[in-house]
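Please look over the sequence and the model shown here before reading on. The report that follows takes up a few chosen places, one after another.

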Amino acid sequence: MMSRMKLAALGGLVLSFVSLLVHFLLAKSSVNPFLYEASRYFMDDMNYMDAAGNMVVVKKKLWGKVKALEGLHPYANPRIAYPVPNKQNNGFIYAKIFGGFEKIRTSICDLVAVSRLLNATLVIPEIQRSIRSKGISSKFKSFSYIYNEEQFIAALANDVIIVKDLPPNLKEARKRKQFPTFRPQHSAPASFYLTTILPKLMEAKVIGLIVTDGGCLQPVLPHSLAEYQRLRCRVAFHALHFRSEIVALGHLIVERLRAPGQPYLAYHPGLKRDTLAYHGCAEIFQDIHSELIQYRRKQMIKQQIINQELYVDSFAQRGNGSCPLMPEEVGILLRAMGYPPRTRIYLAGSETFGGQRVLIPLRSIYTNLVDRTHLCRKEELANLLGPETPLPPDPLETIPEKSLKQQTEEWYKAGPRPRPLPPPPGRPIYRHEKEGWYGWVAENDTEPDPSLFDLREQAHCLIWDALDYIVSVEADAFFPGFHNDGSQWPDFSSLVMGHRLYEMASSRTFRPNRSEIYFSLFKMVVCISHYHFVKSLEKFEFSRCFSVLVLRILLNMKE
């Protein structure tokens, strides 16, 4: 009997050792476990095998084309006589564009239309977010940091003459600030350019435009300028191509998401600090995040971007559909529409205000929620950035190392031996702590200037947004957390939805009514609360009756 027990114990030890060895080998051989296990992890979500052994996708209504829109095809060519631009024109227009991905893309479309309207040659716009970042790759600069310059020039050859730079003599005059510079308002009318800008252009032959608010021309032009509206479409959907490295990696992400032949849904939360501040949605967050939103809103009021009060009722704003849908609400909606828990969801956007914490409820509903960091190796993402000059170490994240000479001097200055054990080394201070990226809220009234790390991160965000734009346009379904707010400010989801509508109108793109959704979810919560309240009353009534019955039985027994 004892020998059998010894053999069983020995067998268990051998199996445990083999299991540990296998785990160690797997951990050592895999660079990015999620990358290589993603296809296996995704395999059993929505597909099944029919009798013939073919893979069948369940619920095609969730992913199929919209039949009523299948007859629509992209067409943005001119409809009337459209003369080719002449080199003997009114002069040159150069421009500086400030802002993020959405503002840059919208501003470029507007600048091309303005150049055509003024019969001018456009110098390729300068993207300030990539220029201001010190030490980024010299291989990609300004416009070419995310876009293909050659494609941009060639695609618009019949619309506007575009050059990479001013002639040398004019370039020197620009450095001496001899040309007038204008800062057009957001959504300026075409008459502003014809009456104010055109005379200055014809006089000086060169003017500069500074675009800060994402769009220097009114979004909806009058009927007489319909060809300029089509020109915008040609710029956005035919001329603005990302550089080849970004396109290649974007398509590789799409292939990995569809590895076993399954569809995926792209979701952009739309939780951006500027958006939340503009619409007064601070109260849907807590603590420091609310203060950051309110500070940005205060800035917008000072800049006369907003003509409202600083403090507004965020829940009333949610009720009229002005605030983004929270990730947990999106998760409930997708489940109600029939998307199973193993649906593949690609999280788009380089900024999600509130961080990963706000995505926890959605991730608990849909475990296959992934982003570019899950599907790409670090080397693949680093190749997009090119060779960069290393920045000095961040004092908020690293402790300066002491040389051997300094350590020796401290050792001899420490006093007589025997001495007590030295104290533990100082703990590094991270950005999420009080002295970190938001510590100024409790100490100062003004937000500090962005550091070198912040400027470089802002430049990198342009590339991440470009990647996510490709994946979102190619997705089988797209769900925006926020879009088309009526403020005429560009947002990521509206750009994606417009691109999908132009290239493949029948693809499944959701346009949720945020106001209706908010009240529906509110009613659902009230009904559930009422149900639980009634149930608790029923339990209370039952327990009260049961107690009275027991008491009567005891009294009868006493008698």
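## Selected places in a predicted model

Apart from neighbours within four places in sequence, E227 is in contact with P78, R79, I80, Y82 and R234. The structure described here is a predicted model, and in that model E227 has its place in helix α8, which covers residues 226–239. Since buried means under 20% relative accessible area, E227 counts as buried because its relative accessibility is 9%.

A second buried residue is A120, with a relative accessible area of 5%, and its place is in the loop between α3 (101–117) and β4 (121–123). When neighbours within four places in sequence are left aside, A120 is in contact with N89, G91, I93, S115, V160, I161 and L201.

Q88, by contrast, is exposed, with a relative accessible area of 69%, and is found in the loop between β2 (55–57) and β3 (92–97). The C-alpha atoms of Q88 and A120 are separated by 9.0 Å, although the two residues are 32 residues apart along the chain. A similar statement can be made for Q88 and T121, which are 33 residues apart in sequence and 9.4 Å apart in space, taken from C-alpha to C-alpha.

The table sets out the accessibility of individual residues.

| Residue | Relative accessible area | State |
|---|---|---|
| L7 | 60% | exposed |
| Q88 | 69% | exposed |
| A120 | 5% | buried |
| E227 | 9% | buried |

L7, which is exposed, lies in helix α1, made of residues 2–29. Together with L10, V14, F17, V18, L21 and V22, L7 makes a nonpolar surface patch of about 670 Å².

How far apart are the end C-alpha atoms of helix α9? They are 20 Å apart, and this agrees with the expected span, because the 14 residues of α9 (residues 244–257), at 1.5 Å a residue, should span 20 Å. Within α9, the residues I246, L249, G250, I253, V254, R256 and L257 are buried. These residues cover an arc of only 165 degrees around the axis, and therefore they lie on the same side of α9. The face of α9 that is turned away from this buried side carries the exposed residues S244 and E255.

Notes:
Residues numbered from 1 in each chain as written. Predicted model: local features only at pLDDT ≥ 70, side-chain atom pairs only at ≥ 80, totals over all residues. Heavy atoms only, no water. Patch = residues over 30% accessible without salt bridge, like charges linked within 9 Å, V, L, I, M, F, W, Y side chains within 5 Å. Areas by Shrake-Rupley, 256 points an atom, 1.4 Å probe, with all protein chains shown as cover. Salt bridge = Lys/Arg side-chain N within 4 Å of Asp/Glu carboxyl O. Helix = DSSP H or I, 4+ residues; strand = E, 2+ residues; numbered from the N terminus. Buried < 20%, exposed > 50% of the residue type's maximum accessible area, 1.4 Å probe, protein only. Expected span 1.5 Å × (residues − 1). Arc of directions from axis to C-beta. Contact = heavy atoms within 4.5 Å.
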